[in-house]
Amino acid sequence: MSLNPFAITAEEAASATTALVVRLGSAQLVSSSLIKDAAEIGNLTGDAASGADLALIFEQASGDAGALADDIKDIASKSGVSANKVFAQLADQQAMLLNMSEEEIKVLAEKTAELTKQGLSMDKLRGVADSMLDIEGSISAQMKARAFGLGDMLPDQQAMRDAALEMQYGDATKGAEMMA
C-alpha cells in the first residue's frame, strides 16, 4: 500500500496481526503484506479490527488488499473527501461488501464518497429508505403537507418509494442513485 516500509508502527502491526489471527483462526494464514495492509487500513478506519476485516474483504475481492485500498483513497481524494471518512463508512457496511468483486467495491466507494461529500452516509440513507417504507406514516405526512398547502413541494412519492424498496431489498447502490 505504502512505498514507505516504516509506514506502520510495531504496535499497529501487532494490533493488526492479533485482529487477523482472531478472524482467520491461525497465524499461518497471515502474511506480512496482509498485516501491513490491515494496519494501514486500520489507521484509516481508526480501528484495528475493522482494518483487518476490510483488508480480508479487499484481499478476497482483488487479491491485493493494499492496491484496492489505494484505489479507494484515490477515489476519496478525487471526490474531495477524507479517505478516513470513506473507509470508516465502508467499515460500517462490511456485511454489504462480503462477496463483492473489486469493481463493485470501487463503485460502492465512489457512492460512499459522494454521500460523504453531501454530508450523508449509507446508514442515514438506509434510515430514509426505512422511513419511506412506513406507508401509514408516509400517507399521514402527505395529508398534513397537503392540508398546509405544501402539496406542490412533495417529491414524486412513487419514485421515492421505488428507490427506498430498491435500497432495502435490492441493490443498495442502485437505490441510492435513484434517490439522487
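An axis, for a helix, is a line fitted to the C-alpha atoms over the stretch in contact, and the angle between two axes runs from 0 to 180 degrees, taken between their N-to-C directions. Keep that in mind as you look at the structure above, which is a predicted model.

Let's begin with a pair of helices. Two packed helices are described by the angle between their axes and the distance between the axes. Take helix α1, residues 10–24, and helix α3, residues 48–62: they pack at an angle of about 60 degrees, and their axes are 8 Å apart. Angles of 65 to 115 degrees count as roughly perpendicular and those under 35 as roughly parallel, and α1 and α3 are therefore oblique to each other. The crossing of α1 past α3 is right-handed.

Who does the touching here? On the α1 side you'll find S15, A16, A19, L20, R23 and L24, and on the α3 side A48, A49, A52, D53 and L56. Sort the residues of this contact by class and you get eight nonpolar, one polar and two charged.

Have a look at S15, which sits in helix α1. With a relative accessible area of 34%, S15 is partly exposed. S15 and A48 are 33 residues apart along the chain, and their C-alpha atoms are separated by 6.0 Å.

Now for the charges. Side chains of opposite charge can pair when their charged atoms come close. How many salt bridges does the structure hold? There are six salt bridges. One salt bridge joins R23 and D53, whose closest N and O atoms are 2.3 Å apart. R23 belongs to helix α1 and D53 to helix α3, so this pair ties together parts that are 30 residues apart in sequence. Are the two partners buried or exposed? R23 counts as partly exposed because its relative accessibility is 35%. D53, on the other hand, is buried, with a relative accessible area of 19%; the cut-off for buried is under 20%.

Next, move along to helix α4, residues 65–79. Here D70 and K73 lie three residues apart, about one turn of the helix. They form a salt bridge too, with 3.5 Å between the closest N and O atoms. D70 is partly exposed at a relative accessible area of 21%, and K73 is also partly exposed, at 28% relative accessibility.

Another residue to find is D71, whose side chain meets that of K106 in a salt bridge of 3.1 Å, N to O. This pair links distant parts of the chain, with D71 in helix α4 and K106 in helix α7 (residues 102–117), 35 residues apart. D71 is partly exposed, with a relative accessible area of 26%, while K106 counts as buried at 17% relative accessibility. There's a wider picture as well: D71, E102, E103 and K106 are linked in a network of salt bridges.

Finally, let's see how α4 packs against a neighbour. The axes of α4 and helix α5 (residues 83–92) come within 8 Å, crossing at roughly 120 degrees. α4 and α5 are therefore oblique to each other, and α4 passes α5 in a right-handed crossing. In this contact, A69, I72, K73 and A76 of α4 meet A83, V86, F87 and L90 of α5. By class, that makes seven nonpolar residues, no polar ones and one charged. You've met K73 already: it is the partner of D70 in a salt bridge.

Notes. Residues numbered from 1 in each chain as written. Predicted model: local features only at pLDDT ≥ 70, side-chain atom pairs only at ≥ 80, totals over all residues. Heavy atoms only, no water. Helix = DSSP H or I, 4+ residues; strand = E, 2+ residues; numbered from the N terminus. Parallel < 35°, antiparallel > 145°, perpendicular 65-115°, else oblique. Left-handed = near helix turned anticlockwise from the far one by under 90°. Contact = heavy atoms within 4.5 Å. Nonpolar A, V, L, I, M, F, W, Y, C, P; charged D, E, K, R; others polar. Salt bridge = Lys/Arg side-chain N within 4 Å of Asp/Glu carboxyl O. Buried < 20%, exposed > 50% of the residue type's maximum accessible area, 1.4 Å probe, protein only.
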